[in-house]
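Open the model in your viewer and keep the sequence panel beside it. The tour below goes from one selection to the next and says what is found at each stop.

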Amino acid sequence: MSINIDPQQFADLVVSANPSKSEDAEDIAKESLELYINAYRLAERYANISTNCYDTAEIIKEVKKADLELN
């Protein structure tokens, strides 16, 4: 099974679900930007790991299949 996460959409959702508690506009912007960047990078990292895991699983299946054909 493969899960696709759009990093931009994920980051947008994280920021909207976690509003700043600050009253200063600059602090709100900084907190939101930091949260957005962290969420975006996290989604990218996990998206790449998921893809690599899926590819590795497919390779293992092919190796096992080839091994069975040789025996």
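Select serine 22, which lies in the loop between H1 and H2. The model is a predicted one, and the positions described here are computed from it. Is serine 22 buried, partly exposed or exposed? Its relative accessible area is 22%, so serine 22 counts as partly exposed, because the buried class ends at 20%. Show the residues around it: leaving out those up to four places away in sequence, serine 22 touches Asp27, Ile28 and Glu31. Now show the backbone of aspartate 24, whose nitrogen lies 3.2 Å from a polar atom of the serine 22 side chain.

Stay in the loop between H1 and H2 and select serine 20. Serine 20 is also partly exposed, at a relative accessible area of 23%. Which residues does serine 20 contact, neighbours within four places in sequence aside? They are Ile28 and Glu31. With glutamate 31 there is a polar contact between the two side chains, at 2.4 Å. The serine 20 side chain also reaches the backbone nitrogen of serine 22, at 3.1 Å. For a distance across the sequence, pick the C-alpha atoms of serine 20 and serine 32: the two residues are 12 apart in sequence, and these atoms are 7.1 Å apart in space.

Next, color by secondary structure. The protein has 2 helices and 0 strands. Select residues 25-70 to see helix H2, then pick out glutamate 26 and lysine 30 within it. Their side chains meet in a salt bridge, with 3.2 Å from N to O. The two residues are 4 apart in sequence, about one turn of the helix. In general, an α-helix has 3.6 residues a turn, so residues three or four places apart point the same way. The count of salt bridges in the model comes to 1.

Move to helix H1, residues 7-17. At the start of H1, select aspartate 6 and glutamine 8: a side-chain oxygen of aspartate 6 comes within 2.9 Å of the backbone nitrogen of glutamine 8. Which residues of H1 are buried? Pro7, Ala11 and Val14 are. They lie on the same side of H1, because the arc they cover around the axis is only 60°. Turn the helix to see the face away from that buried side, where the exposed residues Leu13, Ser16 and Ala17 are found.

Keep leucine 13 of H1 selected. Its relative accessible area is 52%, so leucine 13 is exposed. Add alanine 39 to the selection: leucine 13 and alanine 39 are 26 residues apart in sequence, while their C-alpha atoms are 9.2 Å apart in space.

Then select isoleucine 5, in the segment before helix H1. Isoleucine 5 is partly exposed, at 37% relative accessibility. Add Phe10, Leu42 and Tyr46, which together with Ile5 make a nonpolar surface patch of about 330 Å².

Finally, show the surface of the whole protein. Its accessible surface comes to about 6,100 Å², and carbon and sulfur atoms account for 55% of that. Of the 71 residues, 7% are buried.

Note on methods. Residues numbered from 1 in each chain as written. Predicted model: local features only at pLDDT ≥ 70, side-chain atom pairs only at ≥ 80, totals over all residues. Heavy atoms only, no water. Patch = residues over 30% accessible without salt bridge, like charges linked within 9 Å, V, L, I, M, F, W, Y side chains within 5 Å. Areas by Shrake-Rupley, 256 points an atom, 1.4 Å probe, with all protein chains shown as cover. Salt bridge = Lys/Arg side-chain N within 4 Å of Asp/Glu carboxyl O. Buried < 20%, exposed > 50% of the residue type's maximum accessible area, 1.4 Å probe, protein only. Arc of directions from axis to C-beta. Polar contact = N/O pair within 3.5 Å; in protein donor to acceptor, adjacent residues only side chain to side chain. Contact = heavy atoms within 4.5 Å.
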